[in-house]
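Visitor: Hi, I've just opened this one and don't know my way around yet. Could you walk me through it?
Guide: Sure, let's have a look together.

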Amino acid sequence: MGKLTFTGGIHPYDGKDLSKDKPICDILPGEELVYPLSQHIGAPATPIVAKGDTVLRGQKIAEASGFVSSNIFSTVSGTVKSIEPRRVVTGDMVSCIIITNDGLYNEVNYDAYDEIDVDNLSKEDIIQRIKEAGIVGMGGAGFPTHVKLSPKEPDKIEYCIANCAECEPYLTSDYRRMIENPEMLIEGLKCVLRLFDNAKGILAVEDNKPDCIELLKKLTKDEPRILVKALKTKYPQGSERQLIFATTKRAINSKMLPADVGCVVNNVDTLCAIYNAVWNGKPLMERIVTVTGDAIAEPKNYRVHIGMSYKELIDAAGGFVKDPAKIISGGPMMGFALFNTDVPTTKTASALLALTKDEASKYEPTPCINCGMCLEVCPGRVMPKVLAECAEHADYEKFEKMGGLECCECGCCSYICPAKRHLTQSIKSARKIVLANKKKAGK
Amino acid sequence: MSDMMRVSSNPHIRSKVTTDKIMLCVVLALLPATIFGVWNFGLHALWQVLLTIAACVAAEAVYELIMKKKLTVLDFSAVVTGLLLGLNMPPAAPLWVGPFGGVFAIVVVKMLFGGLGANFMNPALGARCFLVISFPAIMTNFNCDAYSGATPLAQIKAGETVNIFNMVMGRTGGTIGETSMVAIVAGACFLILLGIIDLKIPASYIVTFVIFYGLFSGHGFDPYYISAQLAGGGLMLGAFFMATDYVTRPVTKIGQIVFGIILGLLTGIFRVFGASGEGVSYAIIIGNLLVPLITRFTAPKAFGEGGERI
């Protein structure tokens, strides 16, 4: 049997050895926590606390302002210092709730939930619990999970895929989750399966994690609805559209949703959060963050209180052993470069990566020699070289005609380009402009 | 560490493969054919190749200095052009011919159209055709110290017999680098193993040519004639090193196969129905001109386009 995979993709140095054997450890936040009101796709949340209010850990501090939006919870007890714009990972200034930590971690009483018989929860109750807990896609996109789990025709969902690929180099947070809390992941997936009567669950793991595959297979051998599938190790195997194709041979374009081909995809940490929400009634307050890179003294995996600063994570990991040339929130392929580490962790923060070499600016771009490598690696099967040319000439009509909107910005083309052209960057900018123009025209 | 870190768009890592490394590999891959050519034809051939390379590099540097452009000679692309043109020279041609062609290749075919990546035709082949038209007596005279008389393909065309073993090994007359099938294929294997070129163009080219030749030459699929045709007339050098030139071949996979088929047909037409019995250079430069069309009609379909709903 051929390995499950997709066309295109690359094999970068994976750097996972730095942190893969470091158990998840807890870390307490500092004095000030920052909660951006927009850490998900959709409308920003609306604050429901005011300056000077005292809050408890697990207390809702901002409420979803629509269906596609998400609640936000305080992860410490303390007082609301202010609500003001702060710098976030993307470099933008975003309105944030600032909370001063009193160091007591007094928690909200979740007792009300315990009175409910979890095994007999209705589908609506499960979705309600997930929605209430403020769960969003924690793999990076931040799409509100309750929206994902409410397709128009739930009976047509055939596969609930757990995205355990973790294809980004250096990241090990999902790996540690799978090794340390596999039952949480499986229970989370079972919660999702309860919503879709005709669906099978698939745990899709890249084959560079044989120990996870074995462990998950062992734990699910008595689960008739759950399969463990090994994927070929290749970036971007964990990209939603590529993952659906690899596991089910169904292909969707950028305008379709996974539900259109009967699939729902959730990331490892998201499923763990779903488990916590459904079984314990706990809101989303923590996530696993890998702090790694060759500039970090002791690479580690942390269970982080969402809202704490990246700076504190670096300090906890022993600071820098060498001067970092670049600090990245997320993986090296799709992460955001930070110009300042004093930005808050959010629901979608999977890693902090500090590299001593900045390969992106090490090389000067030279003329395209038409080698075709970008076409070969492009998982979206578009022509990055042509799209980048259209972008540079501001020919947005041709850009769209050539499939520019099908690009998933995975970065494979820029990675492989021997002329070191900034293909992804050009295409990304053009996509932003085209999408913005469309929005304008639509209104 | 400064307070402000450098930011840039994703991705933040890059592969180690660069344009100059690729070009250097092509030069290395051409060395077996070059060394064989020098051994076969003597030191005059070596000077011809070296001077042609030097002329190409110098022409690019001087052009860029005059035009106040960034110097790009270190990317080895001019070396590749010079080497390929040198290998395409008759062994006894006067030493000014190669360099003269080299300047034409770089200035007219490459730099005037925008330099590396922007030329529409393989510079070495463009220059070779320019030289053949300008100095036909020099460019078609393959008499030298080692060999006299016509090239093997011309002999076959004239109805004479040739020694196939010598042709495959390269112990025949011809241009400096085209005679040895063994040396050329050895170099090509190196590039294929490194993943710099693949078999799509050479294979579709050669297969198409063999079928065409078998059908229309009147000799059928006689191994004697087929192997003579494959080993002679620069077909191997053309198929593996010139047709696969990144800049002037289609970038899509299907386009590359279409391109190879077109080259095979053209070479077949030139060799079977033409006067000279050769024709690889013309086939490739005509093919080069069709590349934009081929690329346009073979653009790949985006992933999930048309939405394969189940």
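Visitor: How many salt bridges are there over all chains?
Guide: The count comes to 31 over all chains. A salt bridge here is a side-chain nitrogen of Lys or Arg within 4 Å of a carboxyl oxygen of Asp or Glu. Before we go on, this is a predicted model: local features need pLDDT of at least 70, side-chain atom pairs count only at pLDDT 80 or more, and totals for chains, interfaces and linings use all residues. Residues are numbered from 1 along each chain as its sequence is written, chains are lettered from A and ligands numbered from 1 in the order in which they are written, and side-chain values use heavy atoms, with hydrogens and water left out.

Visitor: Okay. Which residues are linked in a network of salt bridges?
Guide: Glu32(A), Lys81(A), Glu84(A) and Arg86(A). Within that group, the closest N and O atoms of Glu84(A) and Arg86(A) are 2.8 Å apart.

Visitor: Is Glu84(A) buried or exposed?
Guide: In between: Glu84(A) is partly exposed at 29% relative accessibility, and Arg86(A) is partly exposed too, at 23%. The cut-offs are under 20% relative accessible area for buried and over 50% for exposed, with partly exposed in between (1.4 Å probe, protein chains only).

Visitor: Which residue does Lys110(B) form a salt bridge with?
Guide: Glu60(B), with the closest N and O atoms 2.8 Å apart. That pair links distant parts of the chain, 50 residues apart: Lys110(B) is in helix H4 (residues 97–110) of chain B and Glu60(B) in helix H2 (residues 43–66) of chain B. Helices (H or I, at least four residues) and strands (E, at least two) are DSSP runs, numbered from the N terminus. Both Lys110(B) and Glu60(B) are buried.

Visitor: New topic. How many residues of chain B are in contact with chain A?
Guide: 41 residues of chain B, and they meet 65 residues of chain A. Contact means heavy atoms within 4.5 Å.

Visitor: And how much area do the two chains bury between them?
Guide: About 4500 Å², with 60% of it on carbon and sulfur atoms. Buried area is the accessible area (1.4 Å probe) that two parts lose on being put together, summed over both. Of what chain B buries against chain A, 21% comes from His12(B), Arg14(B) and Phe303(B), more than any other three residues supply.

Visitor: How many salt bridges cross that interface?
Guide: Just one is found between chain B and chain A. Arg6(B) pairs with Asp358(A), their closest N and O atoms being 3.4 Å apart.

Visitor: What does Asn10(B) touch?
Guide: Leaving out residues up to four places away in sequence, Asn10(B) touches Met333(A), Met334(A), Gly335(A), Glu409(A), Thr424(A) and Lys428(A). Its side chain makes a polar contact with the side chain of Lys428(A) at 2.7 Å. A polar contact is a pair of N or O atoms within 3.5 Å; within protein, one must be able to donate a hydrogen and the other to accept it, and residues adjacent in sequence count only if both atoms are side-chain atoms. Asn10(B) is buried, with a relative accessible area of 3%.

Visitor: Last one: what is the strand order in the open sheet of six strands?
Guide: In chain A the order is S1-S14-S13-S17-S15-S16, with mixed pairing. Two strands pair if DSSP finds at least two bridges between them. Strand S1 (24–26) and strand S16 (336–338) of chain A each have a single partner strand, so one side of each is left without a neighbour in the sheet.
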